[in-house]
Structure formats: C-alpha cells, structure tokens
Amino acid sequence: MAKSEFKEIKKFEKEIEQCAKCGMCAFWCPVYQEERVEYSLARGKNVIIRGLLSGELELTDKVADRLNKCTLCGTCTQNCSARVKIPTAIVAARADKAKNKGVNFPYNLVYRQVLPRRELFGNLLRCASWFQGIFLPKTEGSVRHLPAFLSAMGKGRQIPQIAPKFLRQMVQVVNKTPEGTPTRMKVGYFTGCMTEYVFPELGKHIVDFLTRNGVEVIVPEAQGCCGAPVYLGAGDFDTGRKLADTNAKAFTDVDYVITDCASCASAIKDYKKFLADNPEREEAYGKFGDKIKDVSEFLVDVLKLPASAYKPSAAAKGKKVTWHDPCHLNRYLGVKSQPRQIMNSIPGVEYIEMPNADRCCGMAGTFSIYYYGLSQKIADKKVEGIKATGADIVVTGCPGCQIQRMDNTMRHKVPVKVMHIMELLE
Ligand code: SF4
Ligand code: SF4
C-alpha cells in the first residue's frame, strides 16, 4: 500500500506522535503481559504506525496481524503520561487496510449482508437455535457450544444458548409506565445484539424496572447492530456508516438512549470520531452519541434513584457479589462509581471489591475470535482475583464480558454465577 493510502491513520497522526518511548505501557498492556514482544505494546505499535506513515513499512498481513493483536482496552492511554491514543490509530489502520485490501471471507459476508439486516440476522440465529436444540447436547448448566454454522466465531467457546424468543417479541415498541406511576422521562433503549438474541430476559427486566420507576421506554424496531465488530474490529467504515445512519435515525424524540452493553455504548459514541465524513453525519452522530447512557449511569446520575429503589432480586438475596469493570465502561465512558454505588445500596447483598477489577478480560469482540488462545490467557488472569473475593456472583455491565467470564470461570471450575448488574435488582 502506498503511503498516500493511509488516509484514516493520517487523521490521528498528531495523537500518536507524542510517544516518548518510555515503555511504561509494558506494565499495563494485557497482550504484552502474555506475549512479551515489543510489537504487542503501544510503543511497538506506535513504531509500526509511524513506519507506515513514513513509507518505510508496508501494511502486509503480518504487519496488520501485529497491529490487530490489541484488545483496544485503552489501558496504555490511561497510564501513559502523554496520553498517546494507540487504540484510535489501530482502528484507523484497520480501516485503511479494509479500504485498500477488503475484509476476509466469511466476515465480509456477515458484516455487509447479514448484520445490517436485523430480521435476516434474527432468522439465521433462530435456525441456529433450532439446530442447536436438535443436534447439540447441552453441556453444564445453561451453557452450550455455539451451533456449527457459527463455530468459526465460537472456537469451542462455552456460551449461553441462543434464546428461543428474542427481546423484540417480549416487549412493546412503546413501553409506558404502569397506571398510577407518573412518567418522569422518556428514553430509547438500544438493545444490542447480545441482549436481543442471547439475553432477552435481561432486556425485558430492564424495561420493567425502568417503567416501574417512572421511565417510558421506547424500543425502536429500526435499530440495528452498533457496528463495533464491523467498523472497530474489521475497519469496514462503509458498512459501519450504514449501521450508524440507521441507529442515529431510529432514536429521535427521546431524552436519553440507554444501553446495558458497555461495548455498544462506546461504539455508538465513537461514530462521530471515526465515521462522520460530512457535516450532516457529524451533527447526527454527535447528537445521538451525546444521548447515550449506560443503564447504571442513568439510574444513578440522571434518574437519581434513592437507595430504597434498589431491592435484591431472588438470585441476589443474601449473596456476596464482586464487580468486573468492562474496559469500555470504565476507561471509555468513565463509569466506575455508579455500579458500585448500586451494589452497595442493595440490602442483603454484600459487595466485595475484586483485586484488579479493571483489568481487561480479553473479550474485545472479534479479537477473541481471531486470537481465542490469547484471549483465554488474558481472561485467566482474572480468575485468581475472583477466587480471592469468595464471591458467589461476578457482576458486570457488558454482555460480552459476561460471556467471557462464563466461559472462563467454567473452564476453571470456579463455582460462581455471572450476572449483569440489572439482574441483581428486583
Ligand atoms: S505510548 Fe506512552 S507509555 Fe507507551 S512508550 Fe509511548 S509515551 Fe511511554
Ligand atoms: S489498547 Fe490495551 S491491548 Fe492495545 S496496546 Fe493498549 S494496553 Fe495493549
């Protein structure tokens, strides 16, 4: 690729040129901690990116692979005195590669033809669910291997089964507050693919909890995938823009847009930074991104619910719980205290802080598909911390992290449940 073809990386050139090569990022990078090679850490990736821009390096598959070995956790930026934004430059490099060399099969087919068509995606998953029920034996608990046609994505990962009913079949488009409960505000609910297809009971519970607490919840039919695997993972910005346009249009006339998925929230907020290619999109994506609130952030900072509103669910009553900070919630959205405040307010639930609660769990969407072994090793680091707490339940705020924790704790036979924070609440 010619130097002139790095259009996206060039936009963020200033953000990376501050690197002083101090190497402090080596202490924090979860990938470097496992691989111990220079190109794993932000400093090494910075050298690669500068080499691409200067024309000294070609973006070959090998170079792209070295850049791709990054969970985009943001730990390097957070701990870097110059706040060098390597994850941003890596996403830009993925975009330049996708623009010039395309996206590999079968991902190109899934991203361009399936993900933007939510009905088709849902139907394919429904078929998968059907085959899964017939042909695949259930493993421990409620967890199964992924169906064969999705096995490329799962690599043997233990994940919950695809739900027999999707969220949109369980809630209305307009969910009003119950009779006698005054409506304090109206929000849109960006449901995300995991909640829609894998954890619909969680989504239904969120709608019920919010409406009971005076919030009208709109679940627009037109919303689609947030685009994280498409544009942040694979660098397919063209398809990412289609998804972003659809989502930005689907949520008008609401005060806020809430999500239960930290990765979705962060991807949506980043539409403006990565995908806005004209003033109209810049305005639309900016407005949409500004309305996004993680559900725990919404309950604490916007709705300002009193502690008495947080009653334990049957599954949480009398339990010890600990919290895993999703990278996108903590580092990208700055949501750290709110979930802890909620958990500390639930009567009869004991909250115990986990050592290294904010360490990346290695999920990182498509990263865990391409580099499953590495992703598992990163996840393994969390197990000791979980065990040290003696908790009955590991709680988080991202369905992706939830799946990673389920897979990981099951492999290590750690007797804990993994739950979303909203499942702790009655
Ligand atoms: S990215 Fe930051 S922490 Fe890493 S070498 Fe450069 S200046 Fe140091
Ligand atoms: S974003 Fe995370 S994985 Fe990527 S270079 Fe920085 S610390 Fe390492």
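I started with burial in helix α23, keeping in mind that this is a predicted model. I found P399, G400, C401, Q402, I403 and Q404 buried, and so are R405, M406, D407, N408 and T409. That makes 11 of the 13 residues of α23 buried, so I noted the helix as largely enclosed by the rest of the structure.

Next I checked the length of α23, which covers residues 399–411. At 1.5 Å a residue, I expected the 13 residues to span 18 Å. The C-alpha atoms at the two ends are 18 Å apart, which agrees nicely.

I then stepped just past α23 and looked at the backbone there. K413 has a positive phi of about 55°.

Which strands flank this helix in the β-α-β unit? I found β10 and β11, which together with α23 make a right-handed unit. I looked up how the two strands pair: β10 (residues 393–396) and β11 (residues 417–420) run parallel and are joined by 4 bridges. For a landmark in the pairing, I wrote down T396, which stands opposite H420 in β11.

My last stop was ligand 2. Which of the 16 residues around ligand 2 come nearest? I listed C29, C70, C73, T75 and C76. I also asked which elements give two or more residues to this shell, and got α3 (30–35), α4 (42–54), α6 (75–79) and α7 (86–101). Sorting the shell by class, I counted 12 nonpolar, 3 polar and 1 charged residues.

Notes
Residues are numbered from 1 along each chain as its sequence is written. Chains are lettered from A and ligands numbered from 1 in the order in which they are written. This is a predicted model: local features need pLDDT of at least 70, side-chain atom pairs count only at pLDDT 80 or more; totals for chains, interfaces and linings use all residues. The expected span of a helix is 1.5 Å times one less than its number of residues. A residue is buried if 20 or more other C-beta atoms lie within 10 Å of its own, exposed if 12 or fewer, and partly exposed in between; C-beta atoms are placed from the backbone. A residue is near a molecule or strand if its C-beta atom, placed from the backbone, lies within 6 Å of it. Ala, Val, Leu, Ile, Met, Phe, Trp, Tyr, Cys and Pro count as nonpolar, Asp, Glu, Lys and Arg as charged, and the others, Gly among them, as polar. Two strands pair if DSSP finds at least two bridges between them. A crossover is right-handed if, with the strands pointing away from the viewer, the path from the first strand over the helix to the second runs clockwise.
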